[in-house]
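Please open the model in a viewer and keep a selection tool at hand. The tour proceeds by stops, each with something to select.

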Amino acid sequence: MKKNILFVVNPISGDLDKSDLIAAVEEFAATNHFDLEVYETTGKNDLRAIQSLYDETAPERIIVAGGDGTIKMVAEAMEEQDVIIGILPAGSANGLSVDLNLPAGVEENLKIAFLHHYIEMDMICINGKKSIHLSDLGLNANLVKNYEQSDVRGFWGYALQAFTTLKESEEPFVATISANNKTVQHIARMIVIANSQKYGTGVIINPNGAMNDGKFELVILKSLDLLLIGKIITGNMPIDSDDIVIISTDKAQIKTDYPVNFQIDGEYCGAQTSLEIDILHKQMKIAVP
């Protein structure tokens, strides 16, 4: 008896042509006796369309080809369903796949996405929006905003905007943080709300993070001088530094003294002065190596 698979592909993510990838998925499905339904996202009513296709085909798994934004959209569409999500990294931001240690090759990823076991992964709810990976206030969110507004995509697009963003970086902000029955104030350049350890570049920002422990971390970067940035980028995150504070919790509130740029999983979400954050424990099943 054939098993149904729903394949959701974002045709424009990462500015990569997906025709070879779609062909590889179709061939793998046929060889392994799966019935494959392919859905290409359009940016309009995708969430509803995926829910309808799920109801029609009752797939055993949903395979997603795209970046963090596409994976998150599928996870939101499936929040009421018990289904395993397999990932084929194909976006400009593939942070989750980096954190899950998914391999670079398509063939190995197909086996994991279609056939391997899974973990039950947490999500974070921030002001009613879901986050699967890393969100932040401050400098990196400024970078995401500048990147979205620019015409250059991929790694060089990020590199170009990183230079511009550092040059134009705003004043530090005062953050009042309530978590674990305590309220503290910090002057910060950036606050990361982390469900996991690494950015898509492989940079470790939250060394002790786990995606299924029922907690998230607030990583507060008080200073972002070039020495500290250099240490973080080279994988020497100085967690005992006075410039970095990490709070582990399952619920938090952040208030800032002026509106600060904010992003969720690589998507710019405007400037915010107040964030309400909760963990959503074991919200989705993700195929892993």
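Begin by selecting N180, which lies in the loop between β8 (173-179) and β9 (182-188). The model on display is a predicted one. Colour N180 and inspect its backbone: phi is positive, about 50°, although the residue is not a glycine. As background, most residues other than glycine have a negative phi. Is N180 buried, partly exposed or exposed? With a relative accessible area of 42%, N180 is partly exposed, because the partly exposed class runs between 20% and 50%.

Extend the selection to N181, which is also found in the loop between β8 and β9. N181 has a positive phi of about 60°, and it is not a glycine either. The relative accessible area of N181 is 86%, so this residue is exposed.

**From the loop to T249**

Keep N180 visible and select T249, in strand β12 (residues 244-249). Which residues does T249 touch, not counting those up to four places away in sequence? They are A179, N180, K215 and F216. To check one of these neighbours, draw a distance between the C-alpha atoms of T249 and A179: the separation is 6.6 Å, although the two positions lie 70 residues apart along the chain. The relative accessibility of T249 is 0%, and T249 therefore counts as buried.

**I193 in strand β10**

Next, select I193, which lies in strand β10 (residues 190-194). I193 has 0% relative accessibility, so it counts as buried. Show its surroundings: leaving aside residues up to four places away in sequence, I193 touches I124, I126, H133, L134, S135, F216, E217, L218, F262, L275 and I277. F216 was also listed among the contacts of T249. A further distance to draw is that from I193 to D136, whose C-alpha atoms are separated by 5.7 Å at 57 residues apart along the chain.

**Helix α3 and K72**

Move to helix α3 (residues 68-77). How many of the 10 residues of α3 are buried? The number is 8, and the helix is mostly covered. The buried residues are D68, T70, I71, K72, M73, V74, A75 and A77.

Pick out K72 from this group. Its relative accessible area is 8%, so K72 is buried, the cut-off for this class being under 20%. Apart from residues up to four places away in sequence, K72 touches K130, S131, I132, I264, D265 and E267.

**Where α2 meets α3**

Leave α3 in view and add helix α2 (residues 46-57). Two packed helices are described by the angle between their axes and the distance between the axes. Here the angle is about 55° and the axes are 9 Å apart. This makes α2 oblique to α3. The crossing of the two helices, α2 and α3, is right-handed.

To see the contact itself, display the side chains of D46, L47, I50 and Q51 in α2, which meet M73, V74, E76 and A77 in α3. Sorted by class, the contact of α2 with α3 has 5 nonpolar, 1 polar and 2 charged residues. M73, V74 and A77 also belong to the buried residues of α3.

**Helix α5 and the aromatic rings**

For the last stop, select helix α5 (residues 106-115). In α5, N109, L110, I112, A113 and F114 are buried. What do the buried residues of α5 pack against? They pack against β1 (3-9), α1, β2, β3 (61-66), β4 (84-89) and β14 (267-287).

Now focus on the aromatic rings, where the count comes to 2 aromatic pairs. F28 and F114 form a tilted pair, 4.9 Å centre to centre with 50° between the planes. This pair links distant parts of the chain: F28 is in helix α1 (residues 19-31) and F114 in helix α5, 86 residues apart. Both F28 and F114 are buried.

Then select F34 together with F114. Their ring centres are 5.2 Å apart and the planes stand at 50°, so this pair is tilted. F34 belongs to strand β2 (residues 34-40), 80 residues from F114 in α5, and distant parts of the chain are again linked. The relative accessible area of F34 is 9%, so F34 is buried, while F114, at 2%, counts as buried too. Select F28, F34 and F114 together to finish: these residues form one aromatic cluster.

Conventions
Residues are numbered from 1 along each chain as its sequence is written. Side-chain values use heavy atoms; hydrogens and water are left out. Rings of Phe, Tyr and Trp (its six-membered ring) pair if their centres lie within 6.5 Å; planes under 30 degrees apart count as stacked, over 60 as edge-to-face and the rest as tilted. Helices (H or I, at least four residues) and strands (E, at least two) are DSSP runs, numbered from the N terminus. Buried means under 20% relative accessible area, exposed over 50%, partly exposed in between (1.4 Å probe, protein chains only). Contact means heavy atoms within 4.5 Å. Axes are lines fitted to C-alpha atoms, for helices over the stretch in contact, and angles run from 0 to 180 degrees between N-to-C directions. Angles under 35 degrees count as roughly parallel, over 145 as roughly antiparallel, 65 to 115 as roughly perpendicular and the rest as oblique. A crossing is left-handed if the near helix is turned anticlockwise from the far one by less than a right angle, and right-handed if clockwise. Ala, Val, Leu, Ile, Met, Phe, Trp, Tyr, Cys and Pro count as nonpolar, Asp, Glu, Lys and Arg as charged, and the others, Gly among them, as polar.
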